[in-house]
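Thanks for sharing this one. Here are my notes, in numbered points, to read with the structure open beside you.

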Amino acid sequence: MTQALIVIDMQNDFCPGGALAVPGGDDIVAGINALMEAFGAVILTQDWHPAGHSSFASSHPGRAPLEMAEMPYGPQVLWPDHCVQGSAGAAFHAALDTTRADLILRKGFRAAIDSYSAFFENDRRTPTGLHGYLQERGISELTLVGLATDFCVSYSALDAARLGYDVLVREGLCRAIDHDGSLEAAVDAMKDAGVRIS
């Protein structure tokens with residue numbers, strides 16, 4: 001077995017009605033569940049922020065969600081409070097088949113740095129441990145689905161390609177925030193990095 005399905009951040013706060021809802025975010029759950037059957041390894045990622053996380057606009061007086069801020073590790077979008085550890089919003093969507101998961105990887109739990117990618121924090125250096133896990137299991141081919149195409153999915157895909165994995169993003173089983181042209185830019189960047197998109 002060399003293939004794994006990575007399901008990115010299928011959590012309540014990213015679905016309609018959530019704190020950082022991605023349009024149509026819940027439309028893809030059934031398709032993701034069905035796709036799991038084709039893979040011997042399934043990995044779920046889970047945004048898992050402490051209260052008062054540095055990426056929250058509420059942690060920066062006078063700043064609003066979707067504004068940019070400069071962090072020690074570079075530019076950072078400021079987000080509404082979302083996926084706070086232990087909250088209902090941080091839980092996986094109720095319809096997602098979590099029983100198929102070999103691994104649930106939590107990210108974004110360091111208060112001073114955000115984490116879009118399943119592989120690295122936003123400094124692009126601090127590892128999450130996923131690469132080591134995949135290497136230990138001999139997995140070299142990754143299919144990515146989930147939320148959101150233009151942030152956590154694309155960052156994960158770019159890092160996976162950089163680490164030498166064969167990467168496929170199933171665009172029909174992803175949904176995007178698409179803020180200020182972010183979707184087109186993310187798709188172009190993934191294609192340039194050799195990520196296959198279907």
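1. Let me begin with a term: two strands count as paired if DSSP finds at least two bridges between them. By that rule β7 and β8 are a parallel pair, with 2 bridges. Within this pairing, V169 sits opposite I197 of β8. Please keep in mind throughout that the model is predicted.

2. Now the whole sheet. How many strands form the open sheet, and in which order? There are 6, running β5-β2-β1-β6-β7-β8, and their pairing is parallel. At the edges are β5 (103–107) and β8 (196–197), each of which pairs on one side only. Helix α1 packs on the sheet and touches β1, β2, β6 and β7. The direction of α1 makes about 160 degrees with that of β1.

3. Next, the interior. In soluble globular proteins, nonpolar side chains tend to be buried together. Here the largest nonpolar core has 53 residues, and the members that touch the most others are V7, M10, I32, L96, F119 and L142. Several elements give two or more residues to this core: the strands β1 (3–8), β2 (42–47), β6 (141–147) and β7 (166–175), and the helices α1 (29–36), α2 (130–137), α3 (149–162) and α4 (182–192). Another core, of 6 residues, lies apart from it, and includes A69, M71, Y73 and L78.

4. If you would like one residue to click on in the larger core, try I32. Leaving aside residues up to four places away in sequence, I32 touches L5, V7, M10, L96, V145, G146 and L173.

5. There is also an antiparallel pairing to look at. Strands β3 (residues 68–71) and β4 (residues 74–77) pair in that sense over 4 bridges, and a hairpin of 2 residues joins β3 to β4. One bridge to look for is that of E70, whose partner in β4 is P75.

6. β4 turns up again at the largest pocket, which holds about 170 Å³ of space. Which element gives the largest share of the lining? That is β4, with 4 residues. Both β4 and α3 give two or more residues to the lining. The residues around this pocket are M68, Y73, G74, P75, Q76, V77, Y116, N122, R124, D150, F151 and Y155.

7. As for enclosed space, a search of the whole structure finds 1 cavity of 30 Å³ or more. The largest cavity has a volume of about 100 Å³. It is lined by 13 residues, and F14, L20, D47, Y116 and C152 are the closest to its centre. Y116 also belongs to the lining of the largest pocket.

8. Is α3 mostly covered or mostly open? Mostly covered, since 10 of its 14 residues are buried. The buried ones are T149, D150, F151, C152, V153, S154, S156, A157, D159 and A160. Their cover includes β1, β4, β5, β6, β7 and α4. Just after α3, G164 takes a positive phi of about 100 degrees.

9. A few backbone details deserve a look. Most residues other than glycine have a negative phi, and most peptide bonds are trans. L147 and A148, however, are joined by a cis peptide bond, with omega about -15 degrees. A148 is placed in the loop between β6 and α3. L66, in the loop between β2 and β3, has a positive phi of about 80 degrees although it is not a glycine. D178, in the loop between β7 and α4, also has a positive phi, near 55 degrees.

10. Are L66 and D178 buried, exposed or in between? The cut-offs are under 20% relative accessible area for buried and over 50% for exposed. L66 has 33%, so it is partly exposed. D178 has 42%, so it is partly exposed too.

11. Finally, F56 is found in the loop between β2 and β3. Its relative accessibility is 0%, so F56 counts as buried. Not counting residues up to four places away in sequence, F56 touches H49, P50, W79, P80, D81, H82 and V84. F56 and L78 are 22 residues apart in sequence, yet their C-alpha atoms are 5.4 Å apart in space.

Technical notes
Residues are numbered from 1 along each chain as its sequence is written. This is a predicted model: local features need pLDDT of at least 70, side-chain atom pairs count only at pLDDT 80 or more; totals for chains, interfaces and linings use all residues. Side-chain values use heavy atoms; hydrogens and water are left out. A nonpolar core is a set of buried Ala, Val, Leu, Ile, Met, Phe, Trp, Tyr and Cys residues joined through side-chain atoms within 4.5 Å. Buried means under 20% relative accessible area, exposed over 50%, partly exposed in between (1.4 Å probe, protein chains only). Contact means heavy atoms within 4.5 Å. Axes are lines fitted to C-alpha atoms, for helices over the stretch in contact, and angles run from 0 to 180 degrees between N-to-C directions. On a 1 Å grid over the protein atoms alone, a cavity is a set of points where a 1.4 Å probe fits but cannot get out, and a pocket is an open set with protein on both sides within 12 Å along at least five of seven lines; lining residues have an atom within 4 Å of a point. Grid points are joined across faces, edges and corners, and a volume is the space filled by probe spheres set on the points.
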